[in-house]
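Hi,

Here is the structure I promised to pass on to you. Have a look at it first, and my notes follow below.

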Amino acid sequence: MGRLDGKTAIVTGAGRGLGRVYALRLASLGADVAVVDKSLTSFKEFQAEADLMTAGSTVEEIENLGRRALGFEFDVADRAAQEAMARAVFEAWGRIDILVANAGGGSSTPMATRASDLPTKDLELVIERNLYGTIFSVNAVAPYMKQARAGKIVTISSGSGGQADPAGSYAHYGTAKAAIAMYTRYLAQDVGEYGIRANCLAPGYTDTGRLLQLSANAPGTAHQNALRRHGTPEELANVVEFLTTDLSSFVTGAVIQADGGTVLGAV
Ligand SMILES: NC(=O)c1ccc[n+]([C@@H]2O[C@H](COP(=O)([O-])OP(=O)(O)OC[C@H]3O[C@@H](n4cnc5c(N)ncnc54)[C@H](O)[C@@H]3O)[C@@H](O)[C@H]2O)c1
């Protein structure tokens, strides 16, 4: 028996990277998983991600684990698409137990996104992709979880959401991720009476295929943590497992850093 047998989960941004690993972990624990991404084959953008794939998509990988899977391709900043997705998952499986609102990321370059001179285009893109995407995912599943009087929600912040880059760069991303952490605290207070828990995971620099490829092009990035190494996606998935199972039954409204003890150069 897996810890999540009979449960269903939605993981956004699960076409590659951390989201894919979270989705596979939940499936390996017994859950049926709906995969959301603006591209379900986003792994093709990075050879290092493509090399990790064991099938044509995360959806197929989940099915190969013996679980049911659904795939949805849309931008998480599209509220109507989020609502249609949640409705479709509920109609197909009759329940929504878990949401991991993982889709997100930055844009542009650090020096072109300093706090004192943020281009509107990047600001809007990154606030929408991270903050609006998270809130719209939560709002889409909340009615089903409230009706069931149960649910586990994990949002994703970042070390950058807790500590400013010393140069004040990538300010749009850090600001969006800080807002996600605060939103999650409000959310936990709102939905606690329904038996729904909401927690936020704030990863430090984690070696996804994307970052491995980027750091190969820019060696020496971000080892500034107590453990003197980057995290692995599986280590992050361990925290997601904790937060989506009854192991964390008395944990809600928490922002959990999994960053190797980062004090500077947060990601
Ligand atoms: N990898 C790290 O070191 C690290 C550190 C801190 C926080 N994070 C956060 O963890 C999450 C996953 O990071 P990752 O490294 O796996 O990123 P990634 O870029 O490798 O994967 C992100 C996935 O989300 C999808 N996505 C992006 N914007 C979307 C949108 N608007 N709608 C739908 N799908 C969208 C992409 O297509 C991609 O498949 C992100 O929120 C990121 O900000 C990552």
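Which residue has a polar backbone atom 2.8 Å from an oxygen atom of the ligand, and is also among the closest to the ligand? One answer is Thr 206, whose polar backbone atom lies 2.8 Å from a ligand oxygen. Please keep in mind that this is a predicted model.

Staying with the ligand, 28 residues surround it, and the closest are Asp 37, Ser 42, Asn 102, Tyr 173 and Thr 206. A polar backbone atom of Leu 18 is 2.8 Å from an oxygen atom of the ligand. Lys 177 uses its side chain instead: a polar atom there lies 2.9 Å from a ligand oxygen.

Leu 18 also takes part in a helix contact, between α1 and α8. The axes of α1 (residues 17–28) and α8 (residues 233–244) come within 9 Å and cross at roughly 50 degrees, so the two helices are oblique to each other. Their crossing is right-handed. From α1 come Leu 18, Val 21, Tyr 22, Arg 25 and Leu 26, while the α8 side includes Pro 233, Leu 236 and Val 240. By type, the residues of this contact are eight nonpolar, two polar and three charged.

A second helix pair is α4 (residues 79–93) and α5 (residues 120–148), with axes that come within 9 Å and cross at roughly 35 degrees. This crossing is right-handed too. Among the residues that meet here are Ala 86 and Phe 90 in α4, and Phe 136 and Tyr 144 in α5. The contact of α4 with α5 has six nonpolar, five polar and three charged residues.

Best wishes

Definitions and conventions. Residues are numbered from 1 along each chain as its sequence is written. This is a predicted model: local features need pLDDT of at least 70, side-chain atom pairs count only at pLDDT 80 or more; totals for chains, interfaces and linings use all residues. Side-chain values use heavy atoms; hydrogens and water are left out. Axes are lines fitted to C-alpha atoms, for helices over the stretch in contact, and angles run from 0 to 180 degrees between N-to-C directions. Helices (H or I, at least four residues) and strands (E, at least two) are DSSP runs, numbered from the N terminus. Angles under 35 degrees count as roughly parallel, over 145 as roughly antiparallel, 65 to 115 as roughly perpendicular and the rest as oblique. A crossing is left-handed if the near helix is turned anticlockwise from the far one by less than a right angle, and right-handed if clockwise. Contact means heavy atoms within 4.5 Å. Ala, Val, Leu, Ile, Met, Phe, Trp, Tyr, Cys and Pro count as nonpolar, Asp, Glu, Lys and Arg as charged, and the others, Gly among them, as polar. A residue is near a molecule or strand if one of its heavy atoms lies within 4 Å of it. A polar contact is a pair of N or O atoms within 3.5 Å; within protein, one must be able to donate a hydrogen and the other to accept it, and residues adjacent in sequence count only if both atoms are side-chain atoms.
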